Amino acid sequence: MTQRPAASLPPPDERRRLREAGSLTQAQVADRVGVTLETVRAWENGRTTPRGHRKEAYAQLLSSLMEETAAQKWAGEPEVRERQQPSPERPLTPAQAFDALYAFCAPALVRQTYLLTGRRELARESVEQAFQLAWQRWPEVARDRDPAGWVRATAYDFALSPWHRFRPRYRHPEPPPADASDRALLDVLLKLPPPQRRTLLLYDGVGLDLPETAAESEASTPATARRLLHARAAVADRLPTLSDPAELHRRLAELASAERLRAAKPVTVRDGSEGRARFWTRAAIAFTVALIGTTALTLRTAPTHYEPPVPPGATVRGVPPRVAPGPLSGAELELRAKLRSQMQSGPERLAPQQQ
């Protein structure tokens with residue numbers, strides 16, 4: 001009798017990445033494998049290990065997701081595939097590793113940021129900005145323990161920035177979803193405070209556990225638990241059918257998948273990141289040149305020795321101050337008229353007359 005080889009499973013982090021790349025929720029994985037939602041979370045966190053027929057079913061599901069991800073990643077023109085496909089003898093180049101991370105995370109991340117903001121264009125812009133920053137800091141991101149979490153946290157920070165309210169393109173709301181239940185759920189989410197909305201999406205939407213949610217939202221575990229409880233209570237108060245966390249998780253996945261949101265190509269994101277870096281580099285050089293020129297001009301025109309200030313004027317004793325002439329008297333007016341009536345030239349001269 002031939003013994004079947006044991007099914008091999010990827011690491012826990014890779015399991016979660018494969019699920020997100022396949023646009024599957026933890027609840028959908030649990031339904032396909034035949035386990036509970038908490039079991040899938042434990043498998044992805046590494047707390048427990050699948051065994052028996054559940055392990056085989058889980059391995060087959062992950063294998064199919066891996067094949068779908070590889071097919072989507074390498075889909076395109078033949079010359080593009082030949083240029084991007086790495087050689088078996090050589091490791092991935094930085095561009096190839098970035099493109100793989102982008103193809104794995106970007107589609108699901110755009111849908112997640114849409115639930116955070118309720119704006120389709122802002123969701124795409126947030127993801128592009130996060131990956132552009134990741135490409136600028138690729139050595140740091142590539143060595144990070146969870147590159148997908150690094151990009152997700154950056155995209156969430158940009159999407160929830162309060163400065164978007166001052167941008168003219170985001171002053172007016174976008175058209176809501178077509179389905180009435182989707183509109184109601186999105187309206188409830190957008191009325192939550194941003195920290196509670198982010199915590200609810202990370203825990204009940206993405207499927208992170210409480211410590212991971214606290215670390216990514218930069219809060220303590222008790223504070224994150226309180227935010228999660230308040231957010232669930234607010235949602236259950238408006239939509240009583242979503243009081244069950246499993247049902248809430250399913251509805252969040254359905255709402256995110258209902259919108260057809262597409263991310264840009266990874267080449268476009270890398271080119272945009274490099275163009276932004278060139279722009280800021282040139283701006284810094286221009287500012288430095290202007291600062292040097294201003295400093296040189298100041299040094300050229302500045303005085304080279306001390307010039308004492310001119311003291312204010314002082315009255316000299318014994319000399320009467322100069323005064324302005326006052327009004328003329330009657331005799332002075334008569335004399336002026338007489339002088340003006342005489343000839344201005346000639347031999348005649350005025351002689352004083354005795355009274």
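How many residues of the lining of the second largest pocket are nonpolar, how many polar and how many charged? The lining divides into eight nonpolar, three polar and three charged residues. Welcome to this structure, which is a predicted model. Its chain has 355 residues, with a secondary structure of 16 helices and zero strands. The points below go from the chain as a whole to its pocket, its cavities, its salt bridges and one buried glutamine.

**The chain as a whole**

- Buried residues account for 34% of the chain.
- Among the contacts with a separation of 6 or more, 70% are between residues 24 or more positions apart.
- The chain has an accessible surface of about 23,200 Å², and carbon and sulfur atoms hold 57% of that surface.

**The second largest pocket**

- This pocket, whose lining opened the briefing, holds about 330 Å³ of space.
- Its lining is made of 14 residues, and those closest to the centre are Thr117, Ala159, Ser161, His164 and Arg197.
- Two helices, H6 (94-117) and H11, each give at least two residues to this lining.

**The cavities**

- If you look inside the model, you will find three cavities of 30 Å³ or more.
- The largest cavity has a volume of about 250 Å³.
- Its lining counts 17 residues, with Thr25, Gln112, Gly205, Ala253 and Ala256 nearest the centre.
- Helices H1, H6, H11 and H14 each bring at least two residues to the lining of the largest cavity, and H14 has the largest share with five.
- By class, the lining of the largest cavity is made up of eight nonpolar, six polar and three charged residues.
- The second largest cavity has a volume of about 50 Å³.
- Around the second largest cavity you will find Glu20, Cys105, Ala108, Leu109, Gln112, Ala148 and Arg152.
- H6 and H9 each supply at least two of these lining residues, and the largest share, four residues, belongs to H6.
- In the second largest cavity, the lining has four nonpolar residues, one polar and two charged.
- Gln112 appears at both cavities: it is among the residues nearest the centre of the largest cavity, and it also lines the second largest cavity.

**Salt bridges**

- The model has 15 salt bridges in total, and three of them are described here.
- One joins the side chains of Glu212 and Arg16, at 3.6 Å from N to O.
- That pair links distant parts of the chain, with Glu212 in helix H12 (residues 210-216) and Arg16 in helix H1 (residues 12-21), 196 residues apart.
- Arg16 is buried because its relative accessibility is 6%, under the 20% cut-off, whereas Glu212, at 26%, is partly exposed.
- Another salt bridge is formed by Arg152 and Glu216, whose closest N and O atoms are 2.7 Å apart.
- Because Arg152 lies in helix H9 (residues 147-159) and Glu216 in helix H12, this pair ties together parts that are 64 residues apart in sequence.
- Both partners are buried: Arg152 has a relative accessibility of 4%, and Glu216 has 12%.
- Arg152 is also one of the residues that line the second largest cavity.
- A further salt bridge joins the side chains of Glu247 and Arg250, at 2.3 Å from N to O.
- Glu247 and Arg250 both sit in helix H14 (residues 245-258), three residues apart, which is about one turn of the helix.
- Glu247 is partly exposed at 25% relative accessible area, and Arg250 is partly exposed at 34%.
- Salt bridges with shared partners also bring Glu14, Arg16, Arg17, Asp146 and Glu212 into one network.

**A buried glutamine in H11**

- Gln196 belongs to helix H11 (residues 194-206), a helix that gives at least two residues to the lining of the second largest pocket and at least two to that of the largest cavity.
- Why does Gln196 count as buried? Its relative accessibility is 16%, and buried means under 20%, so Gln196 falls within that class.
- Leaving out residues up to four places away in sequence, Gln196 touches Arg227, His230 and Ala231.

Note on methods. Residues are numbered from 1 along each chain as its sequence is written. This is a predicted model: local features need pLDDT of at least 70, side-chain atom pairs count only at pLDDT 80 or more; totals for chains, interfaces and linings use all residues. Side-chain values use heavy atoms; hydrogens and water are left out. Buried means under 20% relative accessible area, exposed over 50%, partly exposed in between (1.4 Å probe, protein chains only). Contact means heavy atoms within 4.5 Å. On a 1 Å grid over the protein atoms alone, a cavity is a set of points where a 1.4 Å probe fits but cannot get out, and a pocket is an open set with protein on both sides within 12 Å along at least five of seven lines; lining residues have an atom within 4 Å of a point. Grid points are joined across faces, edges and corners, and a volume is the space filled by probe spheres set on the points. Ala, Val, Leu, Ile, Met, Phe, Trp, Tyr, Cys and Pro count as nonpolar, Asp, Glu, Lys and Arg as charged, and the others, Gly among them, as polar. A salt bridge is a side-chain nitrogen of Lys or Arg within 4 Å of a carboxyl oxygen of Asp or Glu. Accessible areas come from the Shrake-Rupley method with a 1.4 Å probe; for residues, only the protein chains shown count as cover.
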